Amino acid sequence: MKYRPEQLIPLVARLSEEYTSKQSTSVSYERAQQLMEAVIFCLDHAGEASEAGLMTDKELSVEWLDKAGVLALEEKTKQALEDWNRLMEGFSDYGNRCLFDTAVKGIPEFFKWYDIKFDPQNYILTLDYPILRDLSGLYGVDRIFEYIRCLEFEQRILGRFPFGAVESLLSEGKGNRKSRIENLWEEVMTRIGSEMVLSKRTDSMGLEAELVRGLKLLLRKEDPEDMRDYLGIGVKNAALRVSIRHSNSGKTPENPL
């Protein structure tokens, strides 16, 4: 949304007053910077409120845009919580402690402490379980929303494997895989790729194409295109890991990098 920097000053001053319960408009430099970022973050989301019908196009003052941004963030937070609740239905961590701690224990803390009014740009969590998408440009609920979306799709695609297959694949190899911080989709593809090379069903050079063919069997028409690309990243990473593993002398699929 378009606005002039000087238009933000009254909004930040008002927010500072509310932050101190109207006892003072004076806050530390760090807090003032946080509140300025909060105002800008809300304004940047004002367009979402208009698109969602939460606000009319005539309400174009900066004050109204700020309120629209807050409404949009509230709506997105509500949607993210609904998505998380849906994710928890039939959720499996496949014995991976990092996934459990992040998805089951960590994400609810975000909804508990997320402050739309004074600190909406803060996503609070470290999100230790690695997903295959760069979310470094997303802040606040935007990052959590997209993170949950990636987890939900991973769960859906892993759930299409035969019962017990994922657990079996993840239990193979040396080391305690349950305590490792790794993306399960990428690790499953790596294990499948290693078995394919070991059994001479393909070589490491043609592995990616073979894994892509296997991925297409798991995908369905209703799967969103960007999630297909997401899974493709896991396939590429897995193929590279297997190729490196087998190009090194003395390495076998049972000896992880």
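Q: What makes the lining of the largest cavity mixed by class?
A: In this predicted model, with numbering from 1 along each chain as its sequence is written, local features need pLDDT of at least 70 and side-chain atom pairs count only at 80 or more, while totals for chains, interfaces and linings use all residues. Side-chain values use heavy atoms, with hydrogens and water left out. The lining has six nonpolar, one polar and one charged residues. Phe91, Leu99, Tyr129, Leu151, Leu158 and Leu184 are on the nonpolar list (Ala, Val, Leu, Ile, Met, Phe, Trp, Tyr, Cys, Pro). Glu154 is charged (Asp, Glu, Lys, Arg), and Gln155 falls among the others, which count as polar.

Q: Why is this space called a cavity?
A: On a 1 Å grid over the protein atoms alone, a cavity is a set of points where a 1.4 Å probe fits but cannot get out, and lining residues have an atom within 4 Å of a point. The count comes to one cavity of 30 Å³ or more, and the largest holds about 40 Å³. That volume is the space filled by probe spheres set on the points, with points joined across faces, edges and corners.

Q: Which helix gives the most to that lining?
A: Helix 6 (residues 140-158) does, with four residues.

Q: How do you know how many helices and strands to count?
A: They're DSSP runs numbered from the N terminus: H or I over at least four residues for a helix, E over at least two for a strand. The protein chain comes to 10 helices and zero strands.

Q: What makes helix 8 mostly covered?
A: Buried means under 20% relative accessible area (exposed is over 50%, partly exposed in between; 1.4 Å probe, protein chains only). In helix 8, 12 of its 15 residues are buried, including Trp185, Arg191 and Met196. They pack against helix 5 (97-113), helix 6, helix 7 (165-171), helix 9 (207-218) and helix 10 (225-247), a contact being heavy atoms within 4.5 Å.

Q: How do you know what span to expect of helix 8?
A: Take 1.5 Å times one less than its number of residues. Helix 8 (residues 184-198) has 15 residues and reaches 21 Å from its first C-alpha to its last, close to the 21 Å expected.

Q: Why are Cys98 and Cys150 called buried or exposed?
A: Cys98 is at 10% relative accessible area, so it's buried. Cys150 is at 0%, so it's buried too.

Q: How many disulfides does the structure hold?
A: Zero. A disulfide is a pair of cysteine sulfur atoms within 2.5 Å, so no pair here passes that cut-off.

How values were computed: 1 Å grid on protein atoms, 1.4 Å probe; cavity = no way out; pocket = protein on both sides within 12 Å on 5 of 7 lines; lining within 4 Å.
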